[in-house]
Amino acid sequence: MRILVTGSSGQIGTNLALRLTRDGHEVFGVDKRLNTWTDDFRYLLQDLSGHYPSFPGGIGGVEYPEVELVVHLAAHAKVHQLVRQPHRALENAIMTFNVLEFCRQKNLPIVFSSSREVYGDVHRFAEEEASEASADFAYTESTYSASKIAGEALIYSYARCYGLRYLVFRFSNVYGRYDNDLSRMVRVIPLFTHRLLHGKPITIYGGSDKMLDFTYIDDCVDGLARGVEALAADTVVNETINLAYGQGNTLVRAAELIAAELSIDPQIGFTPSLLGEVTHYVADIRKARDLLGWEPRVPLDDGVPRAVAWFREHPEHAADFVGDWVPQEADFKLAVS
């Protein structure tokens with residue numbers, strides 16, 4: 001197939017584009033940033049968040065090559081940045097709207113990247129695992145999660161109004177290859193690795209019991225690639241699916257695994273949760289197994305050594321990360337008695 005991937009210069013976008021290319025597909029990417037990892041697929045530099053009119057050939061009057069399916073990954077994905085700069089949440093919704101209009105006018109199916117953030121945090125403690133049907137949008141934690149909820153709502157409305165065919169994937173803490181550009185996107189695994197390598201302490205916002213579901217990049221991309229094939233073949237259509245490992249790990253455990261790989265005794269401190277943060281999430285992944293025949297293969301104990309080894313082999317991007325972000329009082333969650 002000929003596939004358009006938005007956000008093609010990011011971690012998931014780059015890995016997915018390379019996987020799809022290896023699978024024999026022709027990939028065309030769109031991103032507002034240069035891809036610093038590879039030049040093995042064509043891509044266009046374009047900001048998709050402009051208020052563009054209707055267009056016959058491509059978003060914003062830019063002519064795209066003919067494609068048969070769209071994977072929409074482009075988004076502002078820094079939760080705390082969107083808390084501080086909420087207009088970026090609106091830009092996320094505008095990007096999704098523009099891509100949907102392109103799909104509507106070209107009659108193209110779409111794979112959309114959502115997030116475990118849509119489940120919120122408050123009610124996660126009441127359930128062992130988060131199934132797709134358990135999302136309660138009344139528990140929106142941040143403007144970032146609101147932007148993903150809005151994106152999902154647009155997808156569902158286009159399906160009902162215009163017959164759009166879609167798959168929505170909710171990701172959870174994807175880590176691994178191509179994730180060490182800390183100046184661009186601060187993810188917890190590479191951030192902890194960077195700090196421990198430089199002899200700095202680690203701060204965990206949310207306490208020692210903060211638990212998340214970490215997903216190794218190869219598992220995430222395999223699920224996406226299966227979804228692309230299934231959607232194109234009309235065997236799995238109009239579904240919302242969790243992609244995660246399906247097992248919770250505390251951030252303390254993640255830090256200890258990284259430190260063990262580096263032969264370092266970690267210094268770990270704890271502070272209250274930041275505004276907009278999810279502090280407990282374990283995904284229910286039965287739907288991905290049942291619909292796509294997908295099975296995650298890389299637990300955190302195996303993924304962290306791979307991620308740390310890759311990080312150490314590619315230090316040039318992390319080297320550009322200067323200083324530390326210091327949260328202000330307004331960034332912390334209000335205490336709930």
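This text walks through a sheet and a helix pair in a predicted model.

The sheet is open and has seven strands, which run in the order E3-E2-E1-E4-E5-E6-E11 with parallel pairing. Its edges are strand E3, residues 42-45, and strand E11, residues 239-243, each of which pairs on one side only. From one strand to the next, the twist averages 20°.

At the E11 edge, the partner is strand E6, residues 166-171, and the two strands pair in the parallel sense over five bridges. Within this pairing, Leu167 stands opposite Glu239 of E11. Helix H4, spanning residues 143-162, packs on the sheet and touches E6, E11 and strand E5, the last of these covering residues 110-115. The direction of H4 makes about 150° with that of E5.

The second topic is the packing of two helices. Two packed helices are described by the angle between their axes and the distance between the axes. For helix H5, residues 188-197, and helix H9, residues 300-313, the angle is about 60° and the axes lie 10 Å apart. Because of that angle, H5 counts as oblique to H9. The crossing of H5 past H9 is right-handed.

Which residues of H5 and H9 make the contact? H5 contributes Ile189, Pro190, Thr193, His194 and Leu197, while H9 contributes Ala307, Val308, Phe311 and Arg312. Sorted by class, the contact of H5 with H9 has six nonpolar residues, two polar ones and one charged one. Arg312 of H9 is the charged residue, and Thr193 and His194 of H5 are the polar ones.

Technical notes: Residues numbered from 1 in each chain as written. Predicted model: local features only at pLDDT ≥ 70, side-chain atom pairs only at ≥ 80, totals over all residues. Heavy atoms only, no water. Axes fitted to C-alpha atoms, helices over the stretch in contact; angles between N-to-C directions. Helix = DSSP H or I, 4+ residues; strand = E, 2+ residues; numbered from the N terminus. Parallel < 35°, antiparallel > 145°, perpendicular 65-115°, else oblique. Left-handed = near helix turned anticlockwise from the far one by under 90°. Contact = heavy atoms within 4.5 Å. Pairing = 2+ DSSP bridges.
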